[in-house]
Amino acid sequence: MIKNFEELIETVKAGEKKTVAIAAAQTPSALEAAIMAKKENLADSVLTGDKIAIEKYIKELDPEMEGKFEIYDTGDDLVAAAEKSVELIHEGKAHLILKGKCNTETLLKAVLNKEKGLRTGNIMSDVLAIETPDRIVLMGDGGFCPLPDLKEKVSIVKNCVKVAHSFGCEMPKVAMLTHSESVNPKIQSTVDAAVIAKMNQRGQIKDCIIDGPFALDNAICKVSAEMKGIKSEVAGDADVLVVANIEAGNLFGKTMTYYCKFRVAHVVMGAKVPILIASRADTAEIKYLTMAMGILSA
């Protein structure tokens, strides 16, 4: 499995070159990521949005990159920029979409449009890649499904597993997280975790090893798992962490970013192409890494 973001970047560079459509690209961090990706031969980008503002930012960021990007002018209409980005996917001019200045709701409305969008019928979910000192660990879902039921959690697992496979992990170990390693009928997340683990054991969810419920410590720390007497292939060695709800996932992801200072990237899976909804507050580096993750997952 790819162990860090340097390996991720080199893997993407060695593969087929892809093009990213940036929806409402008139924001410095997204354009800086696009410039980095182009200069380092990671990816090309096509830009939708306010052409005047986009060209102004490019000139300020790197004058040598003026005229190097194809720009589709939609003015300051963020809805039109999102819709144009989806259109570029259908036309084969781009392979994935990165959110620029438009908010997530605007982009997803275009992506989920029944007639012109990128629906597949599958449940969409966010997969976060966290670069720990030892390796990359994946987590879902901290940004898309508010309170997933059993069916949605199965889809979250499958989306995470698909990304893990693209990272070179043939049989990812998936830990279903909650507050405890014990099943409690009064706490639905523990029941769901146990059911999904059993589904995996019976071959209903393939190409991975799932166990749970787990508390976070016994999912990632072998010593903790041994002290609690937990015997499992997954315990202390999880490649994928699946949280109980969006609140747990969002808090966990931001804790890794802001307190632990770990680098992260994330991608929404389940549509026809990867959708990159990095926060508008995210740095250019995070958006650059997110591009790399999206390209590998495409």
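## Cysteines without partners

Under the distance rule used here, the number of disulfides comes to zero. C208 takes part in no disulfide, and the nearest cysteine sulfur, that of C169, lies 9.9 Å away. A disulfide is a covalent bond between the sulfur atoms of two cysteines. Keep in mind as you read that this is a predicted model.

What about C221? Its sulfur is 14 Å from the closest cysteine sulfur, which belongs to C260, so the two are too far apart for a bond. The surroundings of C208 and C221 can be described too: C208 is buried, at a relative accessible area of 6%, whereas C221 is partly exposed, at 31%.

## Helix 11 and helix 1

Two packed helices are described by the angle between their axes and the distance between the axes. Let's try this on helix 1 (residues 5-14) and helix 11 (residues 284-297), which pack at about 55° with their axes 9 Å apart. That angle makes helix 1 oblique to helix 11. The crossing of these two helices is left-handed.

Which residues of helix 1 and helix 11 meet? From helix 1 come F5, L8, I9, T11, V12 and K13, and they meet Y288, L289, A292, M293, I295 and L296 of helix 11. Sorted by class, this contact has ten nonpolar residues, one polar and one charged.

## Helix 11 and helix 2

Helix 11 also packs with helix 2 (residues 28-39): their axes come within 8 Å and cross at roughly 55°. Helix 2 is therefore oblique to helix 11. This crossing is right-handed.

On the helix 2 side, the contact is made by S29, A30, E32, A33, A34, M36 and A37, and on the helix 11 side by A284, K287, Y288 and M291. The classes here are eight nonpolar, one polar and two charged.

## A closer look at K287

K287 sits in helix 11. Is K287 buried or exposed? K287 is buried, because its relative accessible area is 0% and the cut-off for buried is under 20%.

Setting aside neighbours within four places in sequence, K287 is in contact with S29, A30, A33, A278, S279, R280 and D282. Another residue to find in the structure is V264: its C-alpha atom is 9.4 Å from that of K287, and the two are 23 residues apart along the chain.

## A buried serine in helix 4

S85 belongs to helix 4 (residues 78-90). S85 is buried as well, with a relative accessible area of 0%. Which residues does S85 touch, not counting those up to four places away in sequence? They are A21, I22, A23, T48 and I97.

## Unusual spots in the backbone

Most residues other than glycine have a negative phi, and most peptide bonds are trans. Two cis bonds are worth finding here. The peptide bond from G140 to D141 is cis, with omega near 0°, and D141 lies in the loop between strand 6 (136-140) and helix 6 (150-166). The bond from G212 to P213 is cis too, with omega near 10°, and P213 is part of strand 8 (residues 209-214).

Now for phi. N41 is not a glycine, yet its phi is positive, at about 60°. You will find N41 in the loop between helix 2 and strand 2 (44-49), where N41 counts as partly exposed at 42% relative accessibility. D207, also not a glycine, has a positive phi of about 65°. D207 is in the loop between helix 7 (188-201) and strand 8, and with a relative accessible area of 48%, D207 is partly exposed.

Conventions. Residues are numbered from 1 along each chain as its sequence is written. This is a predicted model: local features need pLDDT of at least 70, side-chain atom pairs count only at pLDDT 80 or more; totals for chains, interfaces and linings use all residues. Side-chain values use heavy atoms; hydrogens and water are left out. Helices (H or I, at least four residues) and strands (E, at least two) are DSSP runs, numbered from the N terminus. Buried means under 20% relative accessible area, exposed over 50%, partly exposed in between (1.4 Å probe, protein chains only). Contact means heavy atoms within 4.5 Å. A disulfide is a pair of cysteine sulfur atoms within 2.5 Å. Axes are lines fitted to C-alpha atoms, for helices over the stretch in contact, and angles run from 0 to 180 degrees between N-to-C directions. Angles under 35 degrees count as roughly parallel, over 145 as roughly antiparallel, 65 to 115 as roughly perpendicular and the rest as oblique. A crossing is left-handed if the near helix is turned anticlockwise from the far one by less than a right angle, and right-handed if clockwise. Ala, Val, Leu, Ile, Met, Phe, Trp, Tyr, Cys and Pro count as nonpolar, Asp, Glu, Lys and Arg as charged, and the others, Gly among them, as polar.
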